[in-house]
Every structure is written in C-alpha cells, then in structure tokens.
Amino acid sequence: MSWGTELWDQFDNLEKHTQWGIDVLEKYIKFVKERTEIELSYAKQLRNLSKKYQPKKNSKEEEEYRYTSTRAFLATLNEMNDYAGQHEVISENMTSLITAELTRYVQELKQERKSHFHDGRKAQQHIETCWKQLEASKRRFERDCKEADRAQQYFEKMDADINVTKADVEKARQQAQLRHQMAEDSKAEYSSTLQKFNSEQHEHYYTHIPNIFQKIQEMEERRIVRIGESMKTFAEVDRQVIPIIGKCLDEITKAAESVDHKNDSQMVIEAFKSGFEPPGDVDFEDFTQPMKRTVSESSLSNSRGDGKSEPKFGSKSKGKLWPFIKKNKGAGPEDFSNLPPEQRRKKLQQKVDELNRDIQKEMDSRDALTKMKDVYIKNPQMGDAASVDHRLAELGQNIEKLRLEVQKFEGWLAEVEGRLPARSEQSRRQSGVYEAQNASGVNSCAQDRESSPDGSYTEEQSQETEMKVPATDFDDEFDDEEPLPTIGTCKALYTFEGQNEGTISVAEGEMLYVIEEDKGDGWTRIRRNEDEEGYVPTSYVEVYLDKNAKGAMTYI
C-alpha cells in the first residue's frame, strides 16, 4: 500500500488532504489550550471559594473552629485548596507536554510538506516540458513529411509536362529530394525525442513521483501517530493527578468521620459553664406584718447584703435571676471580674498563656539580635554592632513589662482558683453582684453600686459602673500583638547556612516571605512557614515588596 503507486495521478487531492491534516492538528491544539484555560479558571474559583470561607484571624469566627464539626469543615476547605492545585498541575502539564510540543511540531510539519510538494511540482513541470518538446518534434516531422509529399507531387507533375524545360524539371527533382531529406531528419529527431520522453515519463511515474508521494505518506502517518500520542498524553495527565485527588477526598472523608457530637456537646459545656450552683428555693415573704425582708443565701435575687439600707415596706423588688441578666456589651474590666467564676478562670488562663507566648517571642527576638551582634563583632564588614543595642534595650524593657503583666494576671488567677471551690459570697456572685465592701478587694475593678430611691438596685446599674473601668495603656499595647504580617516575597540568590540562633538556612532559588525589611544592619527577616522564620543577609536575597500587603499570609 503506497501512495506513490496507488495515487500516482492524485497530486492535487493529496495536497488538499495533507493541508486538512494540519488543520485538524491545529484544531486539536486549540482544544487543549482552551481545556488548560478552563482548568486554571476552575482552580482559581476553587481557591477563591476556599479562601472566602476560611475563618478570619482574631475574630469570633476563628473561635468557633474549636468544635470537631467546624474543624472538619476547615479541613475540607484546606483539601479543596490542594484539590485546586491539582487542576493547576493538569493545566501546566497539558501546556508543556501537548500544546507547546504540538505547536512546534506543526511548524516543522508545514515546512516539510512545503518541501515535498515543491519537489512534486518541479517533477511535474519537467515532464510537461519533455512532453512539449515531443509535441514540437512531432509537429515538425509531420510538417516536413507533408512538404516532402507536395514537393514529390510537384516534381512528378513537372516531369510529365512536355512543355516544361529540362532545367525546371531538374530543379523540382532536387527540391523534392531536399524535402525528403528534411522529413527523414525530422523523423529521426522525433524518434529520438519520443524515446527520451518515454524514458523520462517512466522515470517520473515509477521513480520520482512514488518517492515524493512516499515521503508525503510517511509525513502524514507521523502526523496521525503524533496526534494519537498527544491524545494519550491528554488522558495520562489527568490520570497522574487522580491518586492525589483521591487523597484529598480521603482526607475530607477522614475529617468528616472525625466529627464527634459528644465532644462538641462537652465543649459547649466548657465554653459556657458559669460555675454557679442552681438557685435555691425563694423564701416566702410575709407582707402582712412589717418586718425585715430576708432572702435565702442560696437565692439569686439581687440583695444588697448586710450594712445597706432596707427597702421600704411594700416596695417591689427589681432583682432578676442570673440566667436572665442582661449582658454587658462593652469592654469588661481587666481582671474579667464581670464574668462567672469558671469563665473568668478560663479567660485569665488564656491571658497568661498569651503573655507567656509574647515573652517567648520577645526573648527569641532578643536572642537573634544578640547572635547578630556577635556576627557583627566578628565580621565588622557585615554591619555595625552598635546599631542593634537600642533594639536590644527595647526588647529587654518589653520582656520586663510582660513579666509584670503575667504576675498580675497570675495573681488574679490564683485568687479565682482559690475561691472557686467554696466562697461565702457564692450567691452574690451568682447574681453578678459584688458587695461594696468586697469590690475594692478585687484590684478595685468594680465600684459601689447606687441604691435606687426605694432602697433596691438593678443589675444594669452594676454593669454600668463596671463599664467605667478603663483598660490600661500597657494592656492595649499587647492585646492585639500577632505574628508579623508578610510585606512581600524574596528569592534566595545563594545558599545560606543559618547556623547561628536567630538565622534561617535557605537554598539557592528558594522563594520565601518577607516579614521585616533591612533596617540598615544588612539583615532581612523572612518566613518559610508558620514555624520557620529568621534572618538572612540582605545581599543573599532578591526582595519583591508588596505595596498592597494586608498582613494575610498563605503557605503553599
């Protein structure tokens, strides 16, 4: 099966067919390119969707992710981010393995096709030229034969005419001989041209054209094989990410199976448990006789306690049971004395832990600067050792302030933990009311409440006074302290072995996040992930600052 023998006379159709084959290949390239764009768009939409539902830092929403159900949802969001990454891999692989390769191949194919058909046209032009030469030789032979016949007939006519002179007859005879000779010469030339043409034609149709068409056939078959291989690659690119996508789905399933309704119910108890005892029976108050109103110690009504003015006879109590007390919407006192005992203990413990973390961060920064100073002392060309003294002094002051804060909160925590088991003011705490004589005992965080005209008071008055206690400036300075936000990215130009404390090792070509610019000391602070950050020489990295950095950081 060869195009050269079977399709020897279909030059034009082969030219159209091979052009159609190239068009099909270009159409397939366009299809794959659009597929890669769809994959990228889909991955981007998945990432945006995952980011949209991620909890915001330092918000109430982030606290809600303590429960197993919400943690499972967070795991699903993270896995969807990885899932999106696999679609980006599909797009990248299809672009590099199919689109780019086929585009280059199409250009080579067009050049090869052009060369083959150019040779075919050249061969056709040659055989056509040979045919024209044969035709010219044939016509010349035919003309000379006719001229020789006419000359012979004229000679015979002159020879039969008795009136013609002998000289005219001789002239006619010589002319007839000349024409016969010319006809013989034309015959010989025509015979030679015919033989040459037959030879050229045989060479054309049995050698040149078959060879050219065979090359065209091989070219077309390579195109068909190539597009088939590309389609196979198309499927393999998808198949390669299926295991990873399967792992993402397995992790989502695993996260779903980790949802524990009993655990979540227990966490609700821990989150909202007040530590109060349920209220006891309310004593009967007999208003038929003037007498001092007595209230059970276990009651949760808002009693003023000993040493306070008695309510007028017949006055209506404005006290409320603690479950229905209106919550204070403003900022509470620094020692959280407005909270129930159990909740206060948890808040104080969280504050102590937070301050201890802040102290550790400051100590790490101080240690890093100390190491940096030592490096500067040993290598003065890298920076001025005196330039970090001011910062070291600031860190020392910050650490001392934080330690004082820890002592203060630990004192309140010890007080709460010491009083939680049994307190004489338990019933007063249940109603959210402190006695005036005890208010100053808790670091003066609550003030005496004012009595209403009838001698009673309301919880709203109590909360209003507690609202007036301002937080200290020092407390405000550290309440919102978070890890440094990213301000850009950087690329490591050289490998750096961070052997000193406070530095971090980087590999050449590695991309990292910048969290602090060079302050003139020759060092830049970078972060690899949530747990790895430190200083590297500024000359070792190429920094790309993000002017629109918002402090949010995504680890890849």
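In the predicted model, Met94 touches Val32, Arg35, Thr36, Thr99, Phe234, Val237 and Asp238, when residues up to four places away in sequence are not counted. Apart from the largest nonpolar core, which has 31 residues, lies another core, of 21 residues, with Leu369, Met372, Trp523 and Val536 among them. Met94 belongs to the 31-residue core and is listed with Leu25, Tyr28, Ile98, Phe213 and Ile216 as having the most contacts inside it. At least two residues of this core come from each of helix H2 (11-52), helix H4 (68-160) and helix H5 (166-257). The most is given by H4, with 11 residues.

Two of the residues touched by Met94, Thr99 and Phe234, were examined further. Thr99 is placed in helix H4. With a relative accessible area of 12%, Thr99 is buried. Outside its neighbours within four places in sequence, Thr99 is in contact with Ile29, Val32, Lys33 and Met94. Phe234 is located in helix H5. Phe234 is buried because its relative accessible area, 17%, falls under the 20% limit. With neighbours within four places in sequence left aside, the contacts of Phe234 are Tyr28, Phe31, Val32, Arg35, Met94 and Ile98. Phe234 and Leu97 are 137 residues apart along the chain, and their C-alpha atoms are separated by 8.7 Å. Val32 therefore appears in the contacts of Met94, of Phe234 and of Thr99, the last of these being buried at 12% relative accessible area.

Helix H4 comprises 93 residues and reaches 134 Å from its first C-alpha to its last, close to the 138 Å expected at 1.5 Å a residue. A kink of about 35° occurs in H4, centred on Thr95. Elsewhere, the charged end of Arg226 sits over the ring of Tyr105, at 4.6 Å from the ring centre.

The loop between H2 and helix H3 (60-63) contains Tyr53. Tyr53 has a relative accessible area of 38% and is partly exposed. In sequence Tyr53 is 24 residues from Leu77, and the C-alpha to C-alpha distance between the two is 7.5 Å.

Aromatic pairs were then considered. A pair of aromatic rings is described by the distance of the centres and the angle of the planes. The count comes to 13 aromatic pairs. In one of these, Tyr376 and Trp523 form a tilted pair, with 6.5 Å centre to centre and 50° between the planes. Tyr376 lies in helix H7 (residues 341-378) and Trp523 in strand S3 (residues 523-527), so this pair ties together parts that are 147 residues apart in sequence. Tyr376 and Trp523 are both buried. Phe496 and Trp523 form an edge-to-face pair, for which the values are 6.2 Å centre to centre and 70° between the planes. This second pair also links distant parts of the chain, with Phe496 in the loop between strand S1 (488-492) and strand S2 (511-516) and Trp523 in strand S3, 27 residues apart. The relative accessible area of Phe496 is 14%, so Phe496 is buried. Trp523 counts as buried at 4% relative accessibility. Ring pairs link Tyr376, Tyr494, Phe496, Trp523 and Tyr540 into a cluster.

Val536 is found in strand S4 (residues 533-537) and, like Trp523, is among the residues of the 21-residue core. Val536 has a relative accessible area of 0% and is buried. Apart from neighbours within four places in sequence, Val536 is in contact with Phe496, Ile504, Val506, Gly522, Trp523, Thr524, Ile526 and Val541. Two members of the aromatic cluster, Phe496 and Trp523, are thus contacts of Val536, which is buried with a relative accessible area of 0%. The C-alpha atoms of Val536 and Phe496 are separated by 7.5 Å, and these residues are 40 residues apart along the chain.

For the protein as a whole, there are 12 helices and five strands. Of its 556 residues, 34% count as buried. Among contacts between residues at least 6 apart in sequence, 73% join residues at least 24 apart.

Notes
Residues numbered from 1 in each chain as written. Predicted model: local features only at pLDDT ≥ 70, side-chain atom pairs only at ≥ 80, totals over all residues. Heavy atoms only, no water. Core = buried A, V, L, I, M, F, W, Y, C linked by side-chain atoms within 4.5 Å. Buried < 20%, exposed > 50% of the residue type's maximum accessible area, 1.4 Å probe, protein only. Helix = DSSP H or I, 4+ residues; strand = E, 2+ residues; numbered from the N terminus. Contact = heavy atoms within 4.5 Å. Expected span 1.5 Å × (residues − 1). Bend = angle between axes of the 7 residues up to and from the residue. Phe/Tyr/Trp six-rings, centres within 6.5 Å; stacked < 30°, edge-to-face > 60°. Lys NZ or Arg CZ within 6 Å of the ring centre and 35° of its normal.
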